[in-house]
Structures are given as C-alpha cells and as structure tokens.
Amino acid sequence: MKVLKFGGTSVGSPERMKNLLDIIDASERQVVVLSAVSGTTNSLVEIGQAYLVGDKTKAASLISALKAKYEIFIKDLFAKPEFLEQGKEVIDYHFSLLSSIANDLFTPVEEKIILAQGELLSTTLYHVYLKEIGVPSVLLPALDFMKTDEDNEPVVDYITSHLIPLLEKSPDNNLFITQGYICRNAFGEIDNLRRGGSDYTASLIGAGIRSEEVQIWTDIDGMHNNDPRIVQGTKPIAQLSFDEAAELAYFGAKILHPQSVFPAQKYKIPVRLLNTMDPQAKGTLITNDSEKNQIKSIAAKDGITAVKINSSRMLLAYGFLRRVFEVFERYKTSIDMITTSEVAVSLTIDDTTHLAEILGELKAFGDVEVDADHTIICVVGDFAADKHGFGSRVLEALKHLPLRMISYGGSNHNLSVLVKTEDKVEALRSLHSRLF
Ligand code: ADP
Ligand code: ASP
Ligand code: MG
C-alpha cells in the first residue's frame, strides 16, 4: 500500500483539489495525506497570536477573512447544491469553533486546537468532494492514530496498532484520506508535528503500515541541488540516500520536514519527491542508495547562534567537553555544529529560549562569546569513496567570505560552514557556480 502526501499548494485551489485524481489512482488501495490549503496555517498562527495577546477583535476579523476565502473555495469545488450545502456545514462547524474557542481561558492547548483546523478542513472538504463525484473513500481521523510521547517524539508502534485496524475495517475501500501535521500528545491533547509536519505524517504512516512507498507531492520537481528561492538555475537530483536527504532537510531544504526522513529510513521505505504541477517529471528518489563520490546539493539554515568558550582548563583536560554539553542538555537545547581547538570550543544552536541561563552556567568554564544572526551552509554529497578535493573546492568557492566555523568529517556526506546571515546569498551563489 502506498502513502501519497499532497502539500498546501497541491490542494491550494478547488481546481488543484479536483486535479488530484489525475495523480491518485483510485483503483489502488492507498493512504492520501493532505496538508491545509496553502496560506491557511499561516492565518491560523496569526489568529492564535491575536488570541494569546487578548486581541479578540483582531482574531475575529482574521477569522472572518479566512472564512470568506473558504466560502468562495467551496462554491468552485462543489457543483451540486446538496454537496455545496454539506461543504457549508463543514466550514461553519470549523469556523464557529475558531470563534468560540477563546470564550474562556486561552492557553497553548487552545492554540494547538486552532492550528489543527486547517488540515481538518482540507481533508473533510476533499472527502465530501469525492462523495459528490462518486469516488468511494474513507476519512481517517489522524487524531485516532498519530501520537507523540512525553518527549514529543511520534510513536510508530502506536500508529501501527491503531491505524492498521482502521484500514482493515474497510477491506473493500481503496482511498483513505487523512490529515497531515496533526496528532495527539502524551496528555491526549491535540498537538502537531511542527510546521511543514505533513511530510513527517506521511513518512510515519509509511513506517507504521510498512508501506511499499511514500510519495511527497509538492510544487517542485524534487530536491534541487540548491535553494531555488535564492539561486537561479538549480536542478533536481534524481537520487539521494536517506542520510543525504536528512542532512539537507535538517539544514534548510524546505521541501522536506527536518525529521521526515527518519521513519522511512528506519523501515527502509523508499520516498519519492514529486511535482503535482508536472506529474511526469522524475522527481527525486530517496533510498539507501546514492551515487558515490559526488557533491549533490547545498542547503542553508538561518537563525543560528554561535557560542565560543575559551578556557585554559581545556588544555590537556578530559571531561571538559562533557561538562559543556551537559549544560546544553540540562536546557534541552540541541547543538548543530561543533569545532574545537586546544583552548576553546565553538558550537552552534538554533533554539535560544534558554540562552541566558546556558551562558550563565558556561561562564564558570571561562570566557564566553556569543554571535547571533549566523547561517549554516551545508554541502551534502557522498564523500566517502575518494575523500580528497571536496574541502578545497568548497573553501575555494568561499574564499572571499569570512567563515566563523568549518565542520568536516563528522559524517561521510556533510561539509558545513558557518557564515554571517548577511553573507548567505553570496555563499550559496558562489558555491553553486563553482560546484555544479
Ligand atoms: P508543500 O506545501 O508541498 O509542503 P513546501 O513549500 O513545504 O511545499 O516545500 C516546497 C518548496 O521548498 C519549494 O517550492 C521550494 O521553494 C522550497 N525549497 C527549498 N529548498 C529546496 C530544494 N533544495 N529543493 C527543492 N525545493 C526547495
Ligand atoms: N499545514 C502545515 C504547515 O503549513 C503542515 C504542512 O503543510 O506540512 O506547516
Ligand atoms: Mg512542506
């Protein structure tokens, strides 16, 4: 059984929604994961923020603007009055929930309920549309099988034990529609897999049901060899390994949610990145295999803060790095890059929620310097077979820019450098013109 995920632009208009059946083969049993209609989650974020600051007037006007869009949407989606009426009931239900939610206390729990409405809307409307055109389908509530634990990690076994019985309940049905992004957390509350999380949903379902393939349908023909929003002339990559795809996703290639590769990798499920606007294009296939000895792609991750700890106590000392890392661990702050010299260590973080406390503790080790507004530029490929030459090619392309950190050798498929964010665009373009 395949899993097909369609992103926000792929369901972004009534016409796009209708065209999904050009891609979905309704004669094959499969799970179809939908994102919210593009722009909806951003609007829901704004609505939540308005409520959080107590601005109910602003929330109300954002809600009515979004509702107006859906009223137009359903007029184009449905042809028959009976189904238009059903579509209207769907949007009335979700929008009155949005309007009434802050009547009492507004907390992050209510905020997450708001964020969940986008995927609930898109999937329910699509389900009603399939009914209108006479294509049988079952709407599966993701909240019944997608679950995270106390550490906010999804639980694949829970998906398996809860989703398989739901699929078995409808042995003659082919299309199962479900929501991306949303889940229940360890407390049973409605939660989500973070922005862009529908890719993660698809991969988790693929793992949970040991799917033969996961297809991520989006608005571009696969993973490109650089960020197409910044660099001109980027090209799709035909084949990537799970490790390479994971590095690219983690270091900023927006086409994939950062964690989405891992479940598929663990259960060896091939992932294809495909273009809804050009379904014949080959896209990118992600498996255990990859072309060896090649630079594949470049990605960039903004919002990075570098922390340097200078300490003469590091000289010839053991246990120093462990004590430094323990400080970050205590504040649940993950470290991306690290470089060391005999008397200093530099590392980077992207979550600065607890930076002040972390710095307070690190001062006990020596002088601490902090540089905000940095970007990790990550060059990904298979550098194992023949290790010489890659580093010099990357550094040559960046020789006119100040580099704050360089990291190479941590794995066989990543060379990362840290630059000021203001130098990012130039770094990406210069690397692109010299490496490809
Ligand atoms: P969806 O809504 O389908 O999930 P996203 O907007 O999340 O789509 O991801 C697709 C977008 O990712 C593309 O339109 C493209 O602008 C952006 N992108 C960033 N880096 C890359 C890359 N290396 N390859 C392909 N797309 C990329
Ligand atoms: N709708 C969610 C978002 O915009 C999830 C997704 O599209 O993957 O982040
Ligand atoms: Mg996405």
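**Figure 1. Glu244 and Lys296 form a salt bridge in this predicted model.** Glu244 counts as buried, because its relative accessibility is 1% and buried means under 20%. Lys296 is buried too, with a relative accessible area of 5%. The side chains of the two residues meet at 2.8 Å, N to O. Glu244 belongs to helix 8 and Lys296 to strand 11 (residues 294–310), so the pair ties together parts that are 52 residues apart in sequence. A search of the whole structure finds 16 salt bridges. Two others appear in the next views.

**Figure 2. Asp336 and Lys301 meet in a salt bridge.** The N to O distance is 3.2 Å. This pair links distant parts of the chain, 35 residues apart. Asp336 sits in strand 12 (residues 335–340), and Lys301 sits in strand 11. Are the two partners buried or exposed? Asp336 is buried, with a relative accessible area of 17%. Lys301 is buried as well, at 11%. Elsewhere, salt bridges that share partners join Lys67, Glu71, Lys88 and Asp92 into one network.

**Figure 3. Asp227 and Arg229 join a buried residue to an exposed one.** Their side chains form a salt bridge of 2.8 Å, N to O. Asp227 counts as buried, with a relative accessibility of 13%. Arg229 counts as exposed, with a relative accessibility of 55%. Arg229 also appears in a UniProt record: an unreviewed entry lists this residue under "binding site".

**Figure 4. Thr41 and Glu119 are listed together under "binding site" in UniProt.** The listing comes from an unreviewed entry. The two residues are spread over 79 residues of sequence, yet they cluster in space. Their largest C-alpha distance is 8.6 Å. Thr41 lies in helix 2 (residues 40–52). Glu119 lies in helix 5 (residues 108–132). Thr41 counts as buried at 10% relative accessibility, and Glu119 counts as buried at 3%.

Which residues does Thr41 contact, leaving aside neighbours within four places in sequence? They are Ala36, Leu115, Glu119, Tyr181 and Arg195. With residues up to four places away in sequence not counted, Glu119 touches Leu34, Ser35, Ala36, Thr41, Gln179, Gly180, Tyr181 and Ser198. Thr41 and Glu119 therefore touch each other, given that contact means heavy atoms within 4.5 Å.

**Figure 5. Ligand 2 is surrounded by residues that include Thr41 and Glu119.** The other residues around ligand 2 are Ser35, Ala36, Tyr181, Arg195, Gly196, Gly197 and Ser198. Oxygen atoms of the ligand pair with several polar protein atoms. One ligand oxygen is 2.7 Å from an N or O atom in the side chain of Arg195. A backbone N or O atom of Gly196 lies 2.7 Å from an oxygen of ligand 2. A polar backbone atom of Ser198 is 3.0 Å from an oxygen of the ligand. How much of ligand 2 does the protein bury? Taken alone, ligand 2 exposes 260 Å², and the protein buries 86% of that.

**Figure 6. Lys5 and Gly8 belong to another "binding site" listing.** In an unreviewed entry, UniProt lists Lys5, Phe6, Gly7, Gly8, Thr218, Asp219 and Arg229. Lys5 has its place in strand 1 (residues 2–6). Lys5 is buried, with a relative accessible area of 7%. Its side chain makes a polar contact of 2.6 Å with the side chain of Asp199. Beyond its neighbours within four places in sequence, Lys5 is in contact with residues including Val33, Ser35, Ser198 and Trp217.

Gly8 is found in the loop between strand 1 and helix 1 (14–23). Gly8 is also buried, with a relative accessible area of 19%. Apart from its neighbours within four places in sequence, Gly8 contacts Ser35, Ala36, Val37 and Ser38. Two of these, Ser35 and Ala36, are also among the residues around ligand 2.

**Figure 7. Lys254 is an exposed loop residue.** Where does Lys254 lie? Lys254 is in the loop between helix 8 (242–250) and helix 9 (261–266). Its relative accessible area is 67%, so Lys254 is exposed. Lys254 and Asp302 are 48 residues apart along the chain. Their C-alpha atoms are separated by 12 Å.

Terms used: Residues numbered from 1 in each chain as written. Chains lettered and ligands numbered in written order. Predicted model: local features only at pLDDT ≥ 70, side-chain atom pairs only at ≥ 80, totals over all residues. Heavy atoms only, no water. UniProt positions renumbered as here; feature names shortened; annotations may be inferred. Helix = DSSP H or I, 4+ residues; strand = E, 2+ residues; numbered from the N terminus. Buried < 20%, exposed > 50% of the residue type's maximum accessible area, 1.4 Å probe, protein only. Salt bridge = Lys/Arg side-chain N within 4 Å of Asp/Glu carboxyl O. Near = heavy atom within 4 Å. Polar contact = N/O pair within 3.5 Å; in protein donor to acceptor, adjacent residues only side chain to side chain. Areas by Shrake-Rupley, 256 points an atom, 1.4 Å probe, with all protein chains shown as cover.
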